[in-house]
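Please open the model in a viewer with residue labels switched on. The tour below proceeds by selection, and each stop states what is to be found there.

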Amino acid sequence: MNIHLLPKENSKASVWSGGLTYEYIIHPKTANYADRDFVFRISSATIEEVPSEFTKFKGYYRYLVMLDNSLDIEINKEKRTYEKYEIMEFNSDDNITSYTKGSDFNWMISEKISHHKLIISKNEQYYNAQIIILFSLDTTVIKINEKSYDLKPYDLLIIENQKKENIALHFSNECLAGILDL
C-alpha cells in the first residue's frame, strides 16, 4: 500500500475558459491532460466568469463538488442547483453552463473504468478499493490503520491499494472520499 499526501499549495495551476484549474494528480503519471489519455484526474478549479462553459471531455465521467457556495447550472439546457458540498455527477461530454462564481473539487474518470464512487465521509469507514481518494474539506486528521495524517483544507490524500486490502479510516472532520478499481 502506498499513501501520497498532495497539499493544495503544491498543485499546479493552468487556465481554463472560466478561471483557473489546479491539478493534484493525473493517472497514470505519463498521461497528458491535453491529450485526454488519462485514467483519472483530480483537480480544484475556480469559476471566475459568469456564465462559463465547462470544458467537455468525451469518454469521461465526472464528479464535481462546490467548496464555497451553491452552483446554479444548466446541464443540456436543464436548469439545476447544487448546494455547497452536494455531489454532482455527470457525463463530461454534456453541455454544462455555470451561472455561479466559486471554487470546486473535480474528479474525472475514464468511462472505461466501471467501479467508482464519491461520497462525503465522516467518522469511520472501511474500504478495500485499489485507489482511495480523500479530499479534506476542513483541517482534518485522517487515521489510516492507526497511522495519522494531518490535512489542511483542500489537501488530497491518495491511497494506492493494489492488493485490495481492507483499510480502516477514521476522520476528525468530513472529507470527500472516493473509491476506484482500475
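A residue counts as buried when its relative accessible area is under 20%, as exposed when that area is over 50%, and as partly exposed in between. The coordinates shown here are a predicted model.

**First stop: a salt bridge between two strands.** Select Glu 23 and Arg 41, whose side chains form a salt bridge with an N to O distance of 2.7 Å. Glu 23 belongs to strand S3 and Arg 41 to strand S4 (residues 40-47), so this contact ties together parts that are 18 residues apart in sequence. Is Glu 23 buried or exposed? Its relative accessibility is 13%, under the 20% limit, and Glu 23 is therefore buried. Arg 41 has a relative accessibility of 2% and is likewise classed as buried.

**Second stop: the largest pocket.** Keep strand S3 (19-27) in view and add strand S1 (2-6) and strand S16 (156-160); these are the elements that give two or more residues to the lining of the largest pocket. Which of them gives the most? It is S3, with 4 residues. To display the full lining, select His 4, Leu 6, Tyr 24, Ile 25, Ile 26, His 27, Lys 29, Ile 158 and Glu 160. Coloured by class, the lining shows 5 nonpolar, 2 polar and 2 charged residues. The volume of this pocket is about 160 Å³.

**Third stop: an open sheet.** Now select S5, S10, S7 and S8, which form an open sheet of 4 strands in the order S5-S10-S7-S8, with antiparallel pairing. Strand S5 (52-53) and strand S8 (78-82) are at the edges; each has a single partner strand, so one side of each lacks a neighbour in the sheet. Within the sheet, strand S7 (residues 71-75) and strand S10 (residues 96-98) run antiparallel and are joined by 3 bridges. To inspect this pairing, centre on Ile 73, which stands opposite Ser 98 in S10.

**Fourth stop: further salt bridges.** How many salt bridges does the model contain? The count comes to 6. One of them joins the side chains of Lys 79 and Glu 74, at 3.3 Å from N to O. Its two members differ in accessibility: Lys 79 is exposed at 66%, whereas Glu 74 is buried at 17%. Finally, select Arg 80 and Glu 78, which form a salt bridge whose closest N and O atoms are 3.2 Å apart. Arg 80 is partly exposed, with a relative accessible area of 31%, and Glu 78 is partly exposed at 42%.

Notes: Residues are numbered from 1 along each chain as its sequence is written. This is a predicted model: local features need pLDDT of at least 70, side-chain atom pairs count only at pLDDT 80 or more; totals for chains, interfaces and linings use all residues. Side-chain values use heavy atoms; hydrogens and water are left out. On a 1 Å grid over the protein atoms alone, a cavity is a set of points where a 1.4 Å probe fits but cannot get out, and a pocket is an open set with protein on both sides within 12 Å along at least five of seven lines; lining residues have an atom within 4 Å of a point. Grid points are joined across faces, edges and corners, and a volume is the space filled by probe spheres set on the points. Ala, Val, Leu, Ile, Met, Phe, Trp, Tyr, Cys and Pro count as nonpolar, Asp, Glu, Lys and Arg as charged, and the others, Gly among them, as polar. Two strands pair if DSSP finds at least two bridges between them. A salt bridge is a side-chain nitrogen of Lys or Arg within 4 Å of a carboxyl oxygen of Asp or Glu. Buried means under 20% relative accessible area, exposed over 50%, partly exposed in between (1.4 Å probe, protein chains only).
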